[in-house]
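Reader: Could you take me through this model and tell me how each term is being applied?

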Amino acid sequence: MERAGAGSSARPLVSDARPLDGRRALVTGAATGIGRATAVRLASEGASVSVNYIGDRAPADAVVAEIEERGSTAVAVEADVAVEADVQRLLRESAAALGGAVDLLVNNAGVESSYPLEEMPLDEWERVLSVNLTGPFLCTREMVRGLGDSPAAVVMVSSVHETIPWPSFSHYCASKGGLKLFAQTIARELAPRGVRVALVAPGAILTPINRALMKDPAKLREQEEQIPLGRLGTPEEIAGAIAWLAGPGAEYVVGSTLFVDGGMTLYPRFV
Ligand code: NAI
Ligand code: BGC
């Protein structure tokens, strides 16, 4: 690491400290996709990480193993983010395993499905709203309850669909649009006590949520045409943005959405 000249009393030009050293992070839905890449990235920047998952434990254990192999601390905790008692246990178990209250929360877990309005079943509407909107509410509330006076950061994984209407995904768009205004509102509430809230809005990313798209060359090409960069993004590209928003470089960022979308929100097909 480059430093000031030997024998100099000047401060080091570059510190060995990593941006997230000492932070205790919880990433929801962290066994796959963007959540997985984010857990690994936060750990590589110094955080210890709680890897939340639902269902099959093996992928979450693999994320924990990957983090531990790189010399950081991680724990896998199963919880349904839409269930209050699960979330309360998730925050308790994360704090116990990481050695103190969670002070970096990434609300990433999310689901989607496709139904035109007149075919949308109520239970599917409620499932998407519960996971994508009630989940971040419960997780953030429980994190803040456990914090005391400590500073913290919350990053919501929103979507370009917090602003772009998407036919046949009205529940998903409602959840992400709702997430945006929820985040902005609590950003105002929490900033005075040192808790920063911000959002990352990915465009189309190569993850399991886009499984069907990735298997359909015609649809994939159509999607790529909606993106000025001409390609889908990677989970790692989103993880980098999340880590920055959660870290010291973004100390003055409050309530903003950072779009990471290859230019999708520039509406390339317009005129
Ligand atoms: P993914 O399907 O790999 O990740 C979603 C994760 O959430 C999965 O690990 C899943 O098990 C977990 N999950 C689902 N329900 C849960 C629940 N009730 N409790 C706890 N965990 C639960 O897909 P991806 O793409 O990584 O999605 C992550 C987030 O990124 C989602 O919020 C999604 O809406 C958002 N997003 C994804 C984009 C993409 O193109 N892949 C674009 C914009 C936003
Ligand atoms: C959805 C993806 C979609 C992307 C761009 C995301 O919110 O989860 O399925 O490809 O938006 O439309």
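Author: Happily! This is a predicted model, where local features need pLDDT of at least 70, side-chain atom pairs count only at pLDDT 80 or more, and totals for chains, interfaces and linings use all residues. Residues are numbered from 1 along each chain as its sequence is written, chains are lettered from A and ligands numbered from 1 in the order in which they are written, and side-chain values use heavy atoms, with hydrogens and water left out.

Reader: What makes the pairing of S159 with ligand 2 a polar contact?

Author: A polar side-chain atom of S159 lies 2.6 Å from an oxygen atom of ligand 2. A polar contact is a pair of N or O atoms within 3.5 Å, so the S159 pair qualifies. E112 also has a polar side-chain atom 2.5 Å from a ligand 2 oxygen, and for Y172 the side-chain N or O atom is 2.6 Å from one. The protein buries 93% of the 310 Å² that ligand 2 exposes when taken alone (Shrake-Rupley method, 1.4 Å probe).

Reader: How many residues of the shell around ligand 2 are nonpolar, polar and charged?

Author: Five are nonpolar, five polar and one charged. Among the residues around ligand 2 are E112, W166 and G203; Glu counts as charged, Trp as nonpolar and Gly as polar.

Reader: Why is I67 said to touch A39?

Author: Contact means heavy atoms within 4.5 Å, so that is what holds between I67 and A39. Other residues that I67 touches include V49 and V51, leaving out those up to four places away in sequence.

Conventions: Near = heavy atom within 4 Å. Polar contact = N/O pair within 3.5 Å; in protein donor to acceptor, adjacent residues only side chain to side chain.
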